[in-house]
Structure formats: C-alpha cells, structure tokens
Amino acid sequence: MAERTRVFSVEDANRTLPLVRRIVQDIVQAHAAWARVVERFEVATALSRADAPDPEAEMLQRDAQRLAQDIQGFVEELEELGVEFKGFELGLVDFPSERDGRPVFLCWKLGEESVSFWHEVDEGYAGRRPLGLGNN
C-alpha cells in the first residue's frame, strides 16, 4: 500500500522527479486513450441492439477496462513512491512536505522542469506559490 508518511524535501522531490515524470506521462497518455475509447464505445453501444450486440462495442469495452487498469497501476506506482496524483488533464502531483513545521505539499505538473511550487494541504492547485530560497 502507499507510503503515506514519507515527507519530501525539495531536493528529494527533484531527485524523484525523473521517475515521477515518466509515470505521469504514462498516466496522461493512457487517460487520453481511455477517453477516446470510451467515446467510441458510447457511439457503438448507441447503435447496437440488445438482441444484436455490436462486436466492436464489446472490444471497445475490453480496451477501456484494460486502459483503466493500466492507469490504476500507474497511480499505484506513484503512491508507492509516496507521491499523490492529483489531475489527469494537467498531470499534477503533490509531494508531502513540511514548511515551518506544518504539513504542506510540494506541487509539480507535467511540463515543469523541476519542483518549484508548494501549497497548503487544504488549498490545492489554486493555492500554488513559488518556492523561495532556503525553503525545504
């Protein structure tokens, strides 16, 4: 199960980032593929009848289930690293951390070079602030 007690320094988070980045890229790509398959499945099922199931719909359903399992596996990989996945569209992750003795999250999204932002535990992405010098 996930390692919930891990606390990352900025340096720890950035050291972990190459692996996190690869996993998040996999999640975002698999999620986009899943969304396309689900859309095709919905069209195929709308055109099929109960007495004549569409074989393409059955195949698309299997594909969607497989992609969903892949995504779940990638999310679990992040959890095992102690990182929380927060968003499919942005490829957003939070690294549990501490700031001035209180729990916070270091925040990173796909496309950013390094972990450069943080937010309070109850604020989320909208509350992101740049890390200042000398902070963990």
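**Figure 1. Strand 2 and strand 3 pair in the antiparallel sense over eight bridges.** In this predicted model, the pairing can be followed at a single pair of residues, since P96 has F105, in strand 3, as its bridge partner. These two strands belong to an open sheet of five strands, whose order is 1-2-3-4-5 and whose pairing is antiparallel. Strand 1 (84–87) and strand 5 (129–130) stand at the edges and have a single partner strand each, so one side of each is left without a neighbour in the sheet.

**Figure 2. The hairpin of strand 1 and strand 2 has four residues between the strands.** Within this hairpin, G91 takes a positive phi near 65°. The two strands pair in the antiparallel sense over three bridges, and F85 has V93, in strand 2, as its bridge partner.

**Figure 3. The largest nonpolar core holds 23 residues, and V20, L78, V93 and F95 touch the most other members.** Two or more residues of this core come from each of helix 1 (10–47), helix 2 (55–81), strand 2 (92–99) and strand 3 (102–109). Helix 1 gives the most, with eight residues. Apart from this core lies another one, of seven residues, which include A33, V37, A64 and L67. As a general background to such views, nonpolar side chains in soluble globular proteins tend to be buried together.

**Figure 4. A closer view of V20 shows its contacts with residues elsewhere in the sequence.** When the neighbours within four places in sequence are left aside, V20 is in contact with L78, L81, V83, V93, F95 and W108.

**Figure 5. T16 has its place in helix 1.** Is T16 buried or exposed? With a relative accessible area of 12%, T16 is buried, because buried means under 20% relative accessible area. Not counting residues up to four places away in sequence, T16 touches R6, F8, L81 and F95.

**Figure 6. The chain as a whole, shown to place the close-up views, has two helices and five strands.** From the N terminus on, these elements run α-α-β-β-β-β-β. The C-alpha trace spans about 65 × 30 × 25 Å along its principal axes, and the chain has a radius of gyration of 19 Å, whereas a compact globule of 136 residues would have one near 14 Å. Of the 136 residues, 36% count as buried, and the accessible surface of the chain comes to about 8100 Å², of which 51% belongs to carbon and sulfur atoms.

Notes: Residues are numbered from 1 along each chain as its sequence is written. This is a predicted model: local features need pLDDT of at least 70, side-chain atom pairs count only at pLDDT 80 or more; totals for chains, interfaces and linings use all residues. Side-chain values use heavy atoms; hydrogens and water are left out. A nonpolar core is a set of buried Ala, Val, Leu, Ile, Met, Phe, Trp, Tyr and Cys residues joined through side-chain atoms within 4.5 Å. Buried means under 20% relative accessible area, exposed over 50%, partly exposed in between (1.4 Å probe, protein chains only). Contact means heavy atoms within 4.5 Å. Two strands pair if DSSP finds at least two bridges between them. The radius of gyration is taken over C-alpha atoms; the globule rule is 2.2 Å times the number of residues to the power 0.38. Accessible areas come from the Shrake-Rupley method with a 1.4 Å probe; for residues, only the protein chains shown count as cover.
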